[in-house]
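Okay, thanks for coming, everyone. I'll put the structure up and walk you through a few spots in it.

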Amino acid sequence: GSKESRAFYEPQPTMGFAVPGQSFNVVVNFLNKSRVPIELVDLLLINPDHWEINAEEIKKAMLQGNEKLETTFTVMVPSGATVSQPYYHRSSLQDSKYEYDANANTNLPQATNALKASVIYRIGQQMVQLEVPVQSRQSNLPFGYDLFTLKAAPGIAVNVRPKMGIIPKEGLVKDFEMQVELVNNLQGNTQGMLKLLLPQGWETVSNQIPFAFSKPGEKINYSLQIHPLTLAEKNYEIRVIAQANGITYQQGYDLSSHRDLDQTVLYHPAVTQLKVIDVKMVPGLTVGYVMGVGDEVPDAIRQLGAKVQLLSTEDLATGNLQQLDAILVGTRAYAVRPDLHNYNSRLLQYAKDGGHLIVLFQTPEFVPDKMAPFHAVLPNNSEEVSEENSPVTILDGSHQVLNFPNKISLADFDQWVEQRGSKFFSQWDAAYIPIISTYDVGQAAQSGGWLMARYGKGYYTYCAYSFHRQLPYGVTGPFRIMANLLSYGKK
């Protein structure tokens, strides 16, 4: 912060993260809002990580009612400073509990703040100490500015997507596509090199790409085609690093924040884990996808070798849907896409005219009697199956969806994560054929989670099994089932 006068329309000064090697100013205001005189004894910044702090000398002072004392501290973040992150972690959804990284923080809601302002003052004979975290102001225009607890973060974040993926071992997919995002937190002009560390024998157009930044907050996105020349049925990994100013950056982060709440930074290594799996797919398919909530299913469909077209409002309203081999409505899309309700009849017509409309896990905004081709009920208290290893029964083993192009067996329901599925139909018309059944301990068998119907010249599927959880974690069986759903009717 600074004390110079500002024009009325001039933007407020903002700051993102504190970066190792950076210096900045912290302005602390102490205001006596009472009518009782207060004697200021001390005002200081506290830092648990040995940051260098220099301050104007604070003199003891009496503050009368509504009097304010302002002082400025200069802070230098050492080059080896640790980043601000939760003091617990788990590497995967398959870990049933979090590991503690720092036991000193046990039972606290979060790790100790990077920087706190502390004031000691006297009222009469009573000494009082107050501590508040230092906050940084971040732009959230046009809604104004947000104040978040100041956090330390790397100068450059390296985010990769997908974090986990698959490659069909049959060699259907010639290239694996990954997305890399660089996020800059460094001040001034920065030049560096992005490098890909590939498995032996794999190729990309260039595994060294120069980049440049001029100010904090800038981002660069890359879509990279990786060509796997050698494939065995095993796991591979691709590491991505960014090098700048003699420092190697090899982790990214997700920002988790909500209006009126503080921001949390969740770190992850800049690594893509790849699993070669036995999955077949009808080649050359183009799939339309209505994006749902927190949805990484489109990435998985691309990994199977299909093209994915994310359907916009304009596509739903007037696009040529008939050129699509299948259309998927993503998880909870009926809850967050008003346009889906407006143009649902176009999707039903697409299926009736020969397409395959696949609706994934939906909440009660989806009313089957109005939005699906035949009578069915999705109640407000719809059933789910929470145990990821619940017993599965195949109801119709001869159904084409279980046999082409992959033969689906009970083994395809092994190694699932977090749950089987949710929001199952409780009743349905005889036109719907249930494919499998499962249940939690003490629950009746649930057959309303995967239903398929012939509709006009095409097909309609409701499948509430949790692809949105399984596919981002590279679970083999759900990829094989999804390949069969997308290939359905193409034999």
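What follows is a short tour of cores, cavities, a few single residues and some unusual backbone.

One thing before we start: this is a predicted model.

Let's begin with the packing. In general, nonpolar side chains in soluble globular proteins tend to be buried together. Here the largest nonpolar core has 74 residues, and Phe366, Trp450 and Leu486 have the most contacts inside it. Helix α8, residues 476–487, gives the largest share of this core, with six residues. Apart from that core lies another one of 28 residues, including Phe176, Val240, Ala242 and Ala244.

If you want to zoom in on the larger core, take Phe366. Setting aside neighbours within four places in sequence, Phe366 is in contact with Tyr334, Val359, Met371, Ala372, Leu378, Phe425, Tyr460 and Tyr462.

Now over to Phe211, in strand β17, residues 208–213. Is Phe211 buried or exposed? Phe211 has a relative accessible area of 5%, under the 20% cut-off, so it counts as buried. Beyond four places in sequence, its contacts include Ile156, Leu182, Met193, Leu194, Ile220 and Tyr222. Ala242 and Ala244 are on that contact list too, and you'll remember both from the 28-residue core. For a sense of scale, Phe211 and Lys275 are 64 residues apart in sequence and 30 Å apart in space, C-alpha to C-alpha.

Compare that with Asn113, in the loop between β7 and β8. Asn113 and Ala152 are 39 residues apart in sequence and 9.6 Å apart in space, again C-alpha to C-alpha. Asn113 is buried, with a relative accessible area of 17%, and among residues further than four places away in sequence it touches Pro48, Pro133 and Thr149.

Another asparagine to click on is Asn159, in strand β12, residues 156–161. Asn159 is buried as well, at 11% relative accessible area. So what does its side chain reach? It reaches the backbone nitrogen of Tyr253, at 2.8 Å. Tyr253 also turns up among the residues that Asn159 touches, along with Gln179, Val180, Glu181, Val183, Gly252 and His268.

Okay, holes. The structure holds two cavities of 30 Å³ or more. The largest has a volume of about 40 Å³, and its lining is Pro162, Met164, Glu296, Asp299, Ala300, Gln303, Leu471 and Pro472. By class, that's five nonpolar, one polar and two charged residues. Helix α1, residues 297–303, gives the most to this lining, with three residues.

The second largest cavity also comes out at about 40 Å³. Its lining is Ile166, Ile167, Pro168, Val173, Asp175, Phe176, Pro228 and Gln303. That one has six nonpolar, one polar and one charged residue, and strand β13, residues 164–168, gives the most, with three. Have a look at Gln303, which is in the lining of the largest cavity and in the lining of the second largest.

There's also the second largest pocket, with about 640 Å³ of space. Which residues lie nearest its centre? Val83, Ser84, Gln85, Ala111 and Thr112 do, out of a lining of 29 residues. The lining divides into 13 nonpolar, twelve polar and four charged.

Last topic, the odd backbone. Most residues other than glycine have a negative phi, and most peptide bonds are trans. We have some exceptions here. A cis peptide bond joins Arg161 and Pro162, with omega about -5°. Pro162 is in the loop between β12 and β13, and we just met Pro162 in the lining of the largest cavity. The bond from Phe404 to Pro405 is cis too, with omega near -10°. Pro405 is in the loop between β30 and β31.

Then there are the positive phi values. Asn245 has phi near 55°, and it's found in the loop between β19 and β20. Lys423 has phi near 65°, in the loop between β31 and β32. Which of these is buried and which is exposed? Asn245 is at 58% relative accessibility, over the 50% cut-off, so it counts as exposed. Lys423 is at 17%, under 20%, so it counts as buried.

That's my tour, so over to you for questions.

Note on methods
Residues are numbered from 1 along each chain as its sequence is written. This is a predicted model: local features need pLDDT of at least 70, side-chain atom pairs count only at pLDDT 80 or more; totals for chains, interfaces and linings use all residues. Side-chain values use heavy atoms; hydrogens and water are left out. Helices (H or I, at least four residues) and strands (E, at least two) are DSSP runs, numbered from the N terminus. Buried means under 20% relative accessible area, exposed over 50%, partly exposed in between (1.4 Å probe, protein chains only). A polar contact is a pair of N or O atoms within 3.5 Å; within protein, one must be able to donate a hydrogen and the other to accept it, and residues adjacent in sequence count only if both atoms are side-chain atoms. Contact means heavy atoms within 4.5 Å. On a 1 Å grid over the protein atoms alone, a cavity is a set of points where a 1.4 Å probe fits but cannot get out, and a pocket is an open set with protein on both sides within 12 Å along at least five of seven lines; lining residues have an atom within 4 Å of a point. Grid points are joined across faces, edges and corners, and a volume is the space filled by probe spheres set on the points. Ala, Val, Leu, Ile, Met, Phe, Trp, Tyr, Cys and Pro count as nonpolar, Asp, Glu, Lys and Arg as charged, and the others, Gly among them, as polar. A nonpolar core is a set of buried Ala, Val, Leu, Ile, Met, Phe, Trp, Tyr and Cys residues joined through side-chain atoms within 4.5 Å.
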